[in-house]
Amino acid sequence: MTILGLATVLTAATLVSTQSTGGTCQAYTGGYCAQLINHPVFIPDGASIAAHEATLKSGGMDLLLALNKSTPANRPCVSAFLEVACYSLYPSCLNDAIEQVPCKSVCQRANNDCLSLFTSFGKVSSLPDCEGTIKSLPGKLPFGSEPKCLGASVSTSVAIASPPGKCQTYPGGYCSNFANYPIFVADDNPVTATEKYLKAGGMDLLLTLNASTPANRPCVNAYLQWACYSFYPSCSADSVNAVTCKSVCENTVSLCTSMFTMFGKASSLPKCDGEVPHLTATYSSDGQCLGASQKPTVPELPSFSMNVTCPSFLIVNPSYNASNPRQELPSILGQTCAGTCCVPCPLIVQFYEPSAIDALTVIIIVTALVSAVGAGFTFLSYIMFPKRRVHPGCMMMYFSGGAMVLHFAQSAIISGGGTGIQCVDAITEARVGNSVGCPLQGFFVSFFANYVNCWVSLFMINLNLTIVWRKDWFSERYVLLHLFTLIWSAVPSIYLVASNGVSNIGHVCFGDMDHSGVGVLLPLALIGWPGCLITLITVLTLIRMLLSAPSTGPSQSSTVASKNSAASKTGGPSMSQAPKMPSARGNGPGEPDEGQKSTGSLNETGKKSGIKSAVAGQTNKIAQRLKKHRQKMWDILIKSWRSLAICIVFVGIFGIFWSFLAYTVGLMKGVDSHTPWVQAWYGCVLTGKSRSECLPYSEPFIPNALGYVIALWVVSLIGTFAFLVFGLSMVDDWKQLIGLK
């Protein structure tokens with residue numbers, strides 16, 4: 001069931017031909033409205049109950065009823081909508097004439113209950129016009145007033161117990177456009193006290209919101225109507241004779257829930273099932289209640305100057321003119337304002353503890369500037385000394401050059417304390433549409449972040465090819481490498497600017513949370529994570545090669561076995577055929593004499609000595625070979641430690657930054673002023689509390705402050721590590737150049 005079906009049902013109920021002015025009374029024989037119609041119905045000439053039912057069916061009534069069963073949240077809307085449709089098509093009839101039409105309160109209830117559902121589908125215009133006529137009936141009849149109308153409440157009157165007081169004319173004030181009847185004033189609560197109460201409750205701010213923000217006017221009108229009727233009930237004979245209509249209260253709740261929730265004032269909304277303020281009477285549903293037929297307007301603001309003071313750290317909107325409080329304040333890109341008060345720029349830092357953010361700013365500025373200088377020194381050294389640019393040193397030259405620009409861009413964006421590139425003014429955050437500096441710096445940060453990532457990843461791959469595979473694939477392909485790095489860096493950067501995806505995200509103009517997934521995380525991950533994996537493979541391979549022994553040839557046992565085998569083939573004795581020991585009785589038959597034994601013993605001793613000598617020689621060769629292998633591996637490590645160090649360091653920096661950015665995007669994507677926790681936080685601020693006091697409202701939904709500091713800080717260290725690993729090694733070259741060595 002779609003909202004289009006709901007709108008079609010209403011259209012069916014309001015577009016029946018009105019050309020005929022006559023009709024007849026008939027008993028209702030249809031099905032859709034059987035639970036509502038228990039009276040003779042008026043059917044205009046030329047129409048019929050069957051035609052009405054067919055129209056309702058084709059309009060989607062079956063789907064409407066199915067929606068009522070399947071979706072409990074929509075049942076109030078479906079019930080109210082069905083009521084106004086049935087009563088509009090089938091008014092009560094007496095003597096072949098219309099007796100009663102739908103109550104205006106029925107129409108209003110349908111509007112209130114269905115406003116949210118219809119708004120979500122963009123069909124607000126399809127809601128019934130309760131101030132107009134019932135188009136399904138002849139004679140252009142308006143909706144009726146209780147109690148003589150269809151859908152009136154069973155209980156149409158309320159018991160009103162009046163405290164001691166008297167009737168008087170309203171002397172003027174907030175309710176001048178509403179209280180145009182004798183008002184009841186309690187003896188212990190004069191008009192002046194009530195006016196002060198309304199003022200203290202924020203009535204001036206409410207009227208300012210009405211003048212400055214058109215979207216708030218329906219709520220302001222409804223709330224002021226409810227407040228005036230409730231605090232100033234109608235009076236006769238020094239007692240209350242009419243109180244606020246329940247429909248007025250319900251309309252106020254419906255129209256003001258969103259705005260009051262945003263301001264953290266939802267608890268200030270009236271309780272329509274409870275009692276009228278300061279009275280022991282419930283809201284009324286009879287035709288005499290206050291607000292049943294009147295449609296007053298909100299009073300204008302006073303013509304005199306009206307200064308505004310904003311609570312807590314909020315700033316008065318510079319567009320507000322105290323001498324002209326009626327002016328409509330413009331909606332400006334980058335500003336987060338509610339009426340005359342605005343959140344300072346940058347917005348994201350307002351959610352944190354102030355001391356944490358101040359420390360973050362100092363740390364990043366200092367680190368970024370130091371890294372920019374260090375990377376610049378390294379880059380200039382590669383340019384000045386050609387021998388340093390020999391492959392793969394030139395890769396580090398491009399890497400350090402990119403890091404230098406990246407860090408200068410970082411420090412330039414951060415400097416200014418919130419009023420520089422990242423903010424247009426004290427309340428306006430920089431965006432593509434309102435700033436030149438922010439998108440330009442965002443482009444540079446994005447481009448050189450990807451540029452640095454590309455070159456260090458290529459360096460990691462080259463290190464693996466050189467050490468593990470002993471290949472030199474990149475040295476002759478630098479034209480392709482330059483094309484690749486430039487294109488890969490430019491495409492996501494252009495995307496961010498072209499899609500209006502660059503904004504101030506706290507301490508840098510970069511991709512906003514809604515565009516960072518595709519424009520930042522994806523291009524960095526596709527290059528950075530493979531480079532990290534390859535570096536891990538390289539390190540593990542080096543460790544395995546360092547700890548493993550080289551091939552040592554045949555073992556001792558295999559050598560001896562070979563000798564035994566050879567001896568056996570030539571008829572000589574083997575180790576397994578050693579001569580037997582002589583017995584105590586002398587030589588037995590067939591045993592060799594003493595001379596033979598002596599000769600055999602000498603031969604055996606010589607063989608054992610030869611085997612020991614061979615084993616010792618083989619062991620010495622193995623030891624020498626192992627020593628030579630380890631020395632070779634240490635030589636590789638000594639020659640490559642700088643390359644390994646910068647790769648390992650960058651793996652750590654990239655892993656921390658990318659992971660935290662992905663976590664942040666997951667938390668903050670889609671967050672705006674309508675997000676519930678943002679509204680709760682803003683409501684806390686409007687009560688005058690500080691950032692620290694309102695932190696519990698935002699802390700569970702924003703990135704951890706310490707993680708935020710670490711993630712941005714480690715990125716600012718790239719240039720510093722480039723200097724420590726490579727730049728320091730070129731200090732002696734500079735000394736020789738200027739004659740100090």
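1. In which helix does T720 lie? T720 is found in helix α20, which spans residues 718-727; helices here are DSSP runs of H or I with at least four residues, and strands are runs of E with at least two, numbered from the N terminus.

2. A word on the basis of this note: the model is predicted, so local features need pLDDT of at least 70 and side-chain atom pairs count only at pLDDT 80 or more, while totals for chains, interfaces and linings use all residues. Residues are numbered from 1 along each chain as its sequence is written, and side-chain values use heavy atoms, with hydrogens and water left out.

3. With a relative accessibility of 19%, T720 counts as buried, a term that means under 20% relative accessible area, whereas exposed means over 50% and partly exposed lies in between (1.4 Å probe, protein chains only). Leaving aside residues up to four places away in sequence, T720 touches T367, V370 and S371, where contact means heavy atoms within 4.5 Å. The C-alpha atoms of T720 and A375 are separated by 6.6 Å, although these residues are 345 residues apart along the chain.

4. The largest nonpolar core (buried Ala, Val, Leu, Ile, Met, Phe, Trp, Tyr and Cys residues joined through side-chain atoms within 4.5 Å) has 90 residues, and F399 and W455 have the most contacts inside it. Helix α12, residues 437-467, gives the most to this core, with 15 residues. Residues touched by W455, not counting those up to four places away in sequence, include M395, Y398, F399 and Y478. Another core, of 42 residues, lies apart from the largest one, and among its members are L198, L224, A227 and V240.

5. The count of salt bridges comes to six, each being a side-chain nitrogen of Lys or Arg within 4 Å of a carboxyl oxygen of Asp or Glu. One of them joins E83 and R109, with the closest N and O atoms 3.1 Å apart; E83 lies in helix α4 (residues 75-89) and R109 in helix α5 (residues 104-120), so this pair ties together parts that are 26 residues apart in sequence. E83 counts as buried at 13% relative accessibility, while R109, at 28%, counts as partly exposed.

6. D733 forms a salt bridge with K387, the closest N and O atoms being 3.7 Å apart. Because D733 lies in helix α21 (residues 731-738) and K387 in the loop between α10 (354-384) and α11 (393-414), the pair ties together parts that are 346 residues apart in sequence. D733 is buried at 8% relative accessibility, whereas K387 is exposed, with 58%. R388 is linked with K387 and D733 in a network of salt bridges.
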